[in-house]
Amino acid sequence: MSESRQSVLPGSRRLEGVIDDETRYRAVGSRDARFDGVFFTAVRTTGIYCRPSCPATTPKRTNCTFYPTAAAAQGAGYRACRRCRPDSVPGSPEWNHRADLVGRAMRLIGDGVVDREGVAGLAGRLGYSSRQLQRQLTAELGAGPLALARAQRAQTARLLLQTTELPVTDVAFAAGFASVRQFNDTIREVYDRTPSALRTEPGGHRRAPAAGGTLGLRLAYRGVIDTDHLIDFLGLRAVPGVEEVVGGPTPGTRTYRRTLALPYGHGLAEVDGLGPGDRPDRGWLDCRLTLTDLRDLTTAVHRLRALFDLDADPDAVDARLAADPLLAPLAAARPGLRSPGHVDPHELAVRAVLGQQVTVAAARTLAGRLAERYGTPLPTADGGLRLLFPTAAALAAADPEQLAMPNARRRALLGLCAALADGTVRLDRGVDRERTAAELLALPGIGPWTVGYLRMRALADPDVFLPTDIGVRDGLRALGENGDPRTAADRSTAWAPWRSYALHHLWAAAAARHGTAPRTRNAAPRTRNTREDQS
């Protein structure tokens with residue numbers, strides 16, 4: 001599939017491309033929060049820019065200019081509204097599913113690639129020249145990669161200034177600025193305030209870091225969210241020592257915890273699910289991060305957002321799935337269901353191979369054994385968290401005789417880890433999905449189920465369907481449908497471009513049918529034509 005075809009998915013709601021300025025103005029007049037992050041409204045008479053749902057008096061149409069990104073508004077000389085804080089909205093759903101150059105670039109910028117590797121590094125990852133990348137981003141978003149990264153740094157700095165007691169110098173470097181002077185100049189330009197004034201501005205909720213330097217944050221999302229499904233899904237697959245689900249800070253809540261391997265160090269993350277009294281549309285999840293190096297803050301937040309699929313547009317997804325009589329009851333029963341991503345694509349790739357032809361519980365046990373033998377122990381355990389999951393390089397160098405699994409799976413695992421370690425295959429949210437899928441399929445023992453699972457979770461593809469999966473077949477039978485893979489694949493075309501979400505609905509239906517969590521193992525028939533059996 002070409003990049004031009006991938007940029008617009010049939011049935012998706014590409015808001016920037018289908019609405020005009022008059023429609024945008026009506027969204028501003030109605031304070032429609034669904035458009036937060038999709039565009040920004042700049043007001044000439046005040047010199048500020050806002051999110052569409054800003055509660056301030058609606059400005060006159062003649063005074064409004066609309067921008068696709070906060071960086072574009074900042075580049076035009078506007079500062080962020082102090083009332084609605086437009087820089088803190090969820091990311092546009094466009095960057096959550098687009099597979100073209102701009103979508104891939106935005107995901108990598110969000111991960112902090114520009115701060116760590118510069119524009120040249122970003123362009124190299126994407127396979128374009130810096131000039132081509134600058135031209136395309138500016139043409140579509142009104143800002144180049146440096147401006148987009150700068151806007152992200154400014155938002156991170158504001159968050160730290162207004163929610164922590166970290167020294168200003170620490171805030172500057174934690175946000176990704178190269179110098180305190182650059183930090184001061186950017187804050188003044190973006191917020192029309194000095195860092196000290198921004199810190200004391202009304203509306204901030206500063207608190208001293210908890211024991212161990214833990215930072216308390218809020219992860220914004222749009223629409224409604226089903227955190228029960230997210231935590232059920234992650235908890236069922238939690239690798240002992242690396243992940244766990246525990247009781248939350250208030251009665252009836254649960255918290256997902258895990259270790260993080262990050263560019264400058266490691267971290268511990270905790271994200272609370274919603275409690276019985278919390279509105280599913282309240283707009284944020286509570287999160288706590290403990291980092292060995294504060295420069296990893298932006299990357300850690302970005303990866304947690306991907307894990308919990310917080311930049312999704314649940315209204316568009318639910319509307320599409322509810323149009324099919326088969327899935328309509330499921331969409332109505334679980335509004336805001338998300339498709340979990342992952343914080344580490346290499347870890348996910350290993351776990352996907354371990355999950356071939358076995359149950360979720362068996363794959364979790366195998367992953368736990370690998371983590372114990374080849375993972376990196378934390379200096380100090382924290383609850384049930386003791387380990388960083390082993391790297392692809394560590395597993396590629398493992399003695400095959402020490403890997404207790406069938407020979408075919410062992411060869412598949414070692415071949416995949418070698419390809420990831422030497423860069424033959426890249427797995428990050430900035431790669432070309434089609435090219436990466438072909439590279440994975442070329443590896444011995446890697447078949448369509450594994451590739452589809454990786455596309456869905458590691459590459460944030462919203463339109464993956466796994467017709468041979470046992471959980472899918474059970475879910476369809478629970479709905480009175482034929483679970484035959486060919487029939488299921490044909491039926492799934494009605495759910496495009498959101499088949500990844502349909503997949504999760506079917507897994508949930510299978511769980512309800514059996515009274516347990518759904519089985520989601522690779523159930524492809526063992527024939528000579530399946531890649532899993534060709535090793």
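# A walk through the predicted model

Start by selecting strand 10 and strand 11: two residues sit between the strands of this hairpin, and one to click on is glycine 383, whose phi is positive, near 65°. Helices (H or I, at least four residues) and strands (E, at least two) are DSSP runs, numbered from the N terminus. Strand 10 covers residues 376-382 and strand 11 covers residues 385-388; they pair in the antiparallel sense over three bridges. Two strands pair if DSSP finds at least two bridges between them. Click aspartate 382 and look across: its bridge partner in strand 11 is leucine 385. Then try proline 377, which has leucine 387 of strand 11 as its bridge partner.

A quick note before moving on. You're looking at a predicted model, where local features need pLDDT of at least 70 and side-chain atom pairs count only at pLDDT 80 or more, while totals for chains, interfaces and linings use all residues. Residues are numbered from 1 along each chain as its sequence is written, and side-chain values use heavy atoms, with hydrogens and water left out.

**Zoom out**

Show the whole protein chain as a cartoon. There are 25 helices and eleven strands to find. The C-alpha atoms fill a box of roughly 70 × 55 × 55 Å, taken along the principal axes. How does the radius of gyration of the protein chain fit a compact globule? The chain has 23 Å, which agrees with the value near 24 Å for a compact globule of 535 residues; the radius is taken over C-alpha atoms, and the globule rule is 2.2 Å times the number of residues to the power 0.38.

Now color by burial. Of the 535 residues, 57% are buried, where buried means under 20% relative accessible area, exposed over 50%, and partly exposed in between (1.4 Å probe, protein chains only). Among contacts with a separation of 6 or more, 68% link residues 24 or more positions apart; a contact means heavy atoms within 4.5 Å.

**The open sheet**

Next, pick out strand 3 (64-67) and strand 4 (79-80), along with strand 1 (residues 40-43) and strand 2 (residues 48-50). Four strands make an open sheet here, with mixed pairing and the order 3-1-2-4. Strand 3 and strand 4 are the edges, each pairing on one side only. Strand 1 and strand 2 pair in the antiparallel sense over three bridges. For a close-up, click alanine 42, which stands opposite tyrosine 49 in strand 2.

**A covered helix**

Select residues 448-457, which are helix 22. How many of the ten residues of helix 22 are buried? Nine are, so helix 22 counts as mostly covered. Among the buried ones are Trp449, Tyr453, Arg455 and Arg457. To see what lies over them, switch on helix 13 (227-236), helix 14 (297-307), helix 17 (345-354), helix 21 (433-441) and helix 25, which are included in the cover.

Stay with helix 25 (residues 499-514) and click histidine 505. Is histidine 505 buried or exposed? Histidine 505 counts as buried because its relative accessibility is 3%. Apart from neighbours within four places in sequence, histidine 505 is in contact with Leu321, Leu330, Ala331, Arg334 and Leu337.

**Unusual backbone spots**

Most residues other than glycine have a negative phi, and most peptide bonds are trans. Here are three places to check against that.

- Go to proline 497, in the loop between helix 24 (485-492) and helix 25. The peptide bond leading to it from alanine 496 is cis, with omega near 5°.
- Go to aspartate 192, in the loop between helix 11 (180-191) and helix 12 (195-199). Aspartate 192 has a positive phi of about 55° although it is not a glycine, and it is partly exposed, with a relative accessible area of 46%.
- Go to alanine 460, in the loop between helix 22 and helix 23 (470-478). Its phi is positive too, near 55°, but alanine 460 counts as buried at 15% relative accessibility.

**Last stop**

Finish at serine 130, in helix 8 (residues 130-141). Serine 130 is partly exposed, with a relative accessible area of 32%. Leaving aside its neighbours within four places in sequence, serine 130 is in contact with Val119, Ala120 and Ala123. Then draw a distance from serine 130 to glutamate 244: they are 114 residues apart in sequence and 42 Å apart in space, C-alpha to C-alpha.
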